[in-house]
Amino acid sequence: MTVENELELKRFLAHIQELAERSLRDQKPQWTNFLEPPSLEAAEAVLRFVTGVRFNSYGGYPRSERRRLVIYPDYYIVETIEPELAFLEITPTPSLQLSHRDYLGALLALGVKREKIGDLLVDDSKCQAVVTPELADYLRINLGEVGKAKVSVTLIEPERLNLPDRRIKEIRTTVASLRLDALAALGFGDSRTKMAREIKAERVKVNWKTVKAPDLELAPGAVISIRGRGRVEFQEITGTSKKGRVGVVLKRFI
């Protein structure tokens, strides 16, 4: 789940408060759908001020991006909470290389809501998907094609997840300004003109929120992501040259 505006944020935080109250009333854990990092951070900030509850999040593996938040009474033994996650392996037959977009599009085409789907781990021959448990059988029965490829869907144990190796490329350079199009172009190795087009087409996210302003000024800590191309973190400013250019450190996660 992504919270896009102030009204949605208020509704989302009210829902989190309601789950906290329900966990105390019913004396059992309450789960959210999958949340992206900004939404998870906002929810946790609210829950820190709610007396009598604790919380944790699960995404299927330690570095997962999309995670489900569980809220439970503070006397509850956290070790007894089983993560409400299911793990599917989607395999094209015959073997065919498909993209993250192909797999996600096929899932959404079945009427599945995005917030019911966690991370998709895609390699050259298959996709492993983390989903809510109630979706597992539905997808096993109904997901028959991805793109033009026939697929088989099987339930797997979390230990079988092929966790991605996180390759990191550090980029130290200077820029004329801290505009989004300039930093994204450097981070992803594209021209500034091409990156501006990508931004205006709403294909670029900053801190997991879609933006469409190429001239958006960024601060250290910002995360720029493009679906299927990884992400770039704006790590730090190293200084200003005599010609007024700003030194920056970017890290690209591939």
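A contact here means heavy atoms within 4.5 Å. By that criterion, residues 24 or more positions apart account for 59% of the contacts in the protein with a separation of 6 or more. The model is predicted.

## Overall picture

The protein holds six helices and 14 strands. Its C-alpha atoms fill a box of roughly 65 × 55 × 30 Å along the principal axes. Of its 254 residues, 44% are buried. The accessible surface comes to about 13900 Å², and carbon and sulfur atoms contribute 49% of that area. There are 41 positive and 35 negative side chains. The centres of these two sets lie 7 Å apart.

## Strand E4 and its partners

Strand E4 spans residues 86-93, and six of its eight residues are buried, so the rest of the structure largely encloses it. E4 pairs with strand E6 (residues 127-131) in the antiparallel sense, over five bridges. In that pairing, Ala86 stands opposite Val131 of E6. E4 also pairs with strand E8 (residues 149-156), again in the antiparallel sense, over seven bridges. There, Glu89 has Thr154 of E8 as its bridge partner.

The chain after E4 has a feature of its own. The peptide bond from Thr93 to Pro94 is cis, with omega near 0 degrees. Pro94 sits in the loop between E4 and helix H3 (100-109).

## Lys126, a buried lysine

Lys126 belongs to the loop between strand E5 (117-122) and E6. Is this lysine buried or exposed? The cut-off for buried is under 20% relative accessible area. Lys126 has 15%, so it counts as buried. Leaving aside residues up to four places away in sequence, Lys126 touches Glu89, Ile90, Thr91, Pro92, Tyr103, Leu121 and Asn162. Glu84 is another matter: it lies 42 residues from Lys126 along the chain, and their C-alpha atoms are separated by 23 Å.

## The six-stranded sheet

One open sheet has six strands in the order E9-E14-E13-E12-E10-E11, with antiparallel pairing. Its edge strands are E9 (168-175) and E11 (209-210), each pairing on one side only. E9 is joined to strand E14 (residues 246-253) by eight bridges, and the two run antiparallel. Within this pair, Thr173 stands opposite Val248 of E14.

## Helices H2 and H6

Helix H2 covers residues 37-47, and its buried residues are Ser39, Leu40, Ala43, Glu44 and Leu47. They cover an arc of only 130 degrees around the axis, so they lie on the same side of H2. Their cover includes helix H1 (6-26) and strands E1 (30-35), E2 (53-58) and E3 (67-73).

Helix H6 runs from 192 to 200, with Met195, Ala196, Glu198 and Ile199 buried. Here the arc is only 160 degrees, which puts these residues on the same side of H6. The face turned away from the buried side carries exposed residues: Thr193, Arg197 and Lys200. What covers the buried residues of H6 includes helix H5 (180-188), strand E10 (204-206) and strand E12 (223-226). Both E10 and E12 are strands of the six-stranded open sheet.

## Backbone exceptions

Most residues other than glycine have a negative phi, and most peptide bonds are trans. The residues below have a positive phi.

| Residue | Phi | Place |
|---|---|---|
| Gln27 | about 60 degrees | loop between H1 and E1 |
| Asn207 | about 55 degrees | loop between E10 and E11 |
| Glu202 | near 65 degrees | follows H6 |

How exposed is Asn207? With a relative accessible area of 32%, Asn207 is partly exposed. Its loop leads to E11, an edge strand of the open sheet. Gln27 is in the loop between H1 and E1, two elements that are among the cover of the buried residues of H2. Glu202 comes after H6, the helix whose buried residues have E10 as part of their cover.

How values were computed
Residues numbered from 1 in each chain as written. Predicted model: local features only at pLDDT ≥ 70, side-chain atom pairs only at ≥ 80, totals over all residues. Heavy atoms only, no water. Buried < 20%, exposed > 50% of the residue type's maximum accessible area, 1.4 Å probe, protein only. Helix = DSSP H or I, 4+ residues; strand = E, 2+ residues; numbered from the N terminus. Pairing = 2+ DSSP bridges. Areas by Shrake-Rupley, 256 points an atom, 1.4 Å probe, with all protein chains shown as cover. Lys, Arg positive; Asp, Glu negative; His and termini not counted. Charge placed at Lys NZ, Arg CZ, Asp CG, Glu CD. Arc of directions from axis to C-beta.
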